[in-house]
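Thanks for asking me to look over this one. My notes follow as numbered points, so you can check each against the coordinates.

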Amino acid sequence: MNGIKIDNVVFNYPNGFCAIDDVSLEITKGEKIAIIGQNGAGKTTFVKMMNNLLRPTEGTITVDGIDLKELTTAQISKKVGYVFQNPGDQLFNRTVYDEIAYNPRYNKLEESKVKELVEDAAELCGITQYLKSNPYDLPFGLRKFVTIACVIAMGSEYIILDEPTAGQDLDGLVLQSKIIDELIKRNKTVIIITHDMEFVIDNFDRIVVMANKKIVADSTKKEIFWDFEILDKASLKQPYISKLAHDLKMKNYIIDIEGFIAEVKNK
Ligand SMILES: Nc1ncnc2c1ncn2[C@@H]1O[C@H](COP(=O)(O)OP(=O)(O)OP(=O)(O)O)[C@@H](O)[C@H]1O
Ligand SMILES: [Mg+2]
């Protein structure tokens, strides 16, 4: 089966703390999906198991039908790439170029091919002018784009972005939307974790909500942001425009300005 299939996964940290409690999920190849939920819900722990950074205590994860236990590090990076929540956990080379080139070189690609991959990823992430810079001389927001470029150059089929929107200004968010669109055009699967609900609504339809070690909802954005029980469980708020529609007793399921205006015009 194509896609990522997570079956009854449990994860306990070495200190015995259970961070994921019997979670199952299927992600179809080529789709984009957002994972949301309060701090400490288990989102990062959950996605790190999708590329072997953490191994489930119980349960299985398969990617395109292959059990993750059977993949080597090199094989897993071709399948699933993970962009760390904190760029400091990922960056260790002296220049942005070397950082992006690291994985293609590790996979022993020709230097001309490495250059091609680095330039493509850098251009897509808007960091071409920083290729000779030290990643640590760049501000946090740009460093995030370096980490995203690294995973794009790896050529992974499934790309997990752990809070890419944190610390981004409007231009950064617009660029991230563009990157996600381009990755989907390139037949990649994009899995994002974010606390930015507007970004979720603008870019994603399928949303997985996590709360207290479990998935509590997996549905469309319209369903999720009008399900007060789920919002309450996950300590999430309706987007401002939905709340306004709710307060005005307008039709349910309004989640953006366009929907709001259409509803006003209909009255
Ligand atoms: N190395 C660790 N050892 C023990 N417990 C941990 C460890 N790392 C994380 N945890 C705990 O596991 C739970 C889930 O953490 P996780 O980082 O997966 O949450 P998250 O949903 O990504 O949160 P955030 O939105 O803040 O990034 C938290 O209670 C956290 O304190
Ligand atoms: Mg996290």
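**Notes on the fold, core and ligand shell**

1. Let me start with a strand pairing: aspartate 162 stands opposite isoleucine 193 in β8. Please keep in mind that this is a predicted model. The pairing belongs to a parallel arrangement in which 5 bridges join β7 to β8. Strand β3 (residues 32–36) also runs parallel to β8, joined to it by 4 bridges. There, isoleucine 33 has isoleucine 191 of β8 as its bridge partner.

2. How many of the residues of β8 are buried? The count is 5 of 5 for this strand, which spans residues 189–193. Thr189, Ile191 and Ile193 point one way, Val190 and Ile192 point the other way, and all are buried. It is worth colouring β8 by burial when you have the model open.

3. Just past β7 (158–162), in the loop that leads to α6 (170–185), you will find glutamate 163. Is this residue buried or partly exposed? Glutamate 163 has 19 C-beta neighbours inside 10 Å, and since burial takes 20 or more, it counts as partly exposed. Its contacts, leaving aside residues up to four places away in sequence, are Gln85, Ile193, Thr194 and His195. Ile193 is also one of the buried residues of β8. Another link across the sequence is to phenylalanine 84: the two residues are 79 apart along the chain, yet their C-alpha atoms are separated by 8.1 Å.

4. Now to the interior. In soluble globular proteins, nonpolar side chains tend to be buried together. Here the largest nonpolar core has 74 residues, and Ala121, Ala149, Ile160 and Val209 have the most contacts inside it. Helix α5 (residues 140–154) gives the most to this core, with 10 residues. Valine 209 is a good place to centre the view: beyond residues up to four places away in sequence, it touches Ile36, Gly37, Ile215, Val216, Ala217, Ile224, Ile230 and Ala234.

5. There is also an open sheet of 4 strands, in the order β2-β1-β4-β5, with antiparallel pairing. Strands β2 (18–27) and β5 (66–67) stand at its edges, each with a single partner strand, so one side of each is left without a neighbour in the sheet. For β5, strand β4 (residues 58–63) pairs with it in the antiparallel sense over 2 bridges. Within that pairing, threonine 62 has aspartate 67 of β5 as its bridge partner.

6. On the ligand: which residues are closest to ligand 1? They are Tyr13, Asn39, Lys43, Thr44 and Thr45, from a surrounding set of 13 residues. Helix α1 (residues 43–48) supplies the largest share of this shell, with 3 residues. By type, the shell divides into 4 nonpolar, 8 polar and 1 charged.

7. Finally, the overall picture. The protein comes to 11 helices and 10 strands. Its radius of gyration is 19 Å, close to the 18 Å that the globule rule gives for 267 residues, so it is as compact as a globular protein of that length. Along the principal axes, the C-alpha atoms fill a box of roughly 60 × 45 × 35 Å. Buried residues make up 40% of the 267. Of the contacts with a separation of 6 or more, 63% join residues 24 or more positions apart.

Conventions:
Residues are numbered from 1 along each chain as its sequence is written. Chains are lettered from A and ligands numbered from 1 in the order in which they are written. This is a predicted model: local features need pLDDT of at least 70, side-chain atom pairs count only at pLDDT 80 or more; totals for chains, interfaces and linings use all residues. A nonpolar core is a set of buried Ala, Val, Leu, Ile, Met, Phe, Trp, Tyr and Cys residues joined through C-beta atoms within 7 Å. A residue is buried if 20 or more other C-beta atoms lie within 10 Å of its own, exposed if 12 or fewer, and partly exposed in between; C-beta atoms are placed from the backbone. Two residues are in contact if their C-beta atoms, placed from the backbone, lie within 7 Å. The radius of gyration is taken over C-alpha atoms; the globule rule is 2.2 Å times the number of residues to the power 0.38. Two strands pair if DSSP finds at least two bridges between them. A residue is near a molecule or strand if its C-beta atom, placed from the backbone, lies within 6 Å of it. Ala, Val, Leu, Ile, Met, Phe, Trp, Tyr, Cys and Pro count as nonpolar, Asp, Glu, Lys and Arg as charged, and the others, Gly among them, as polar.
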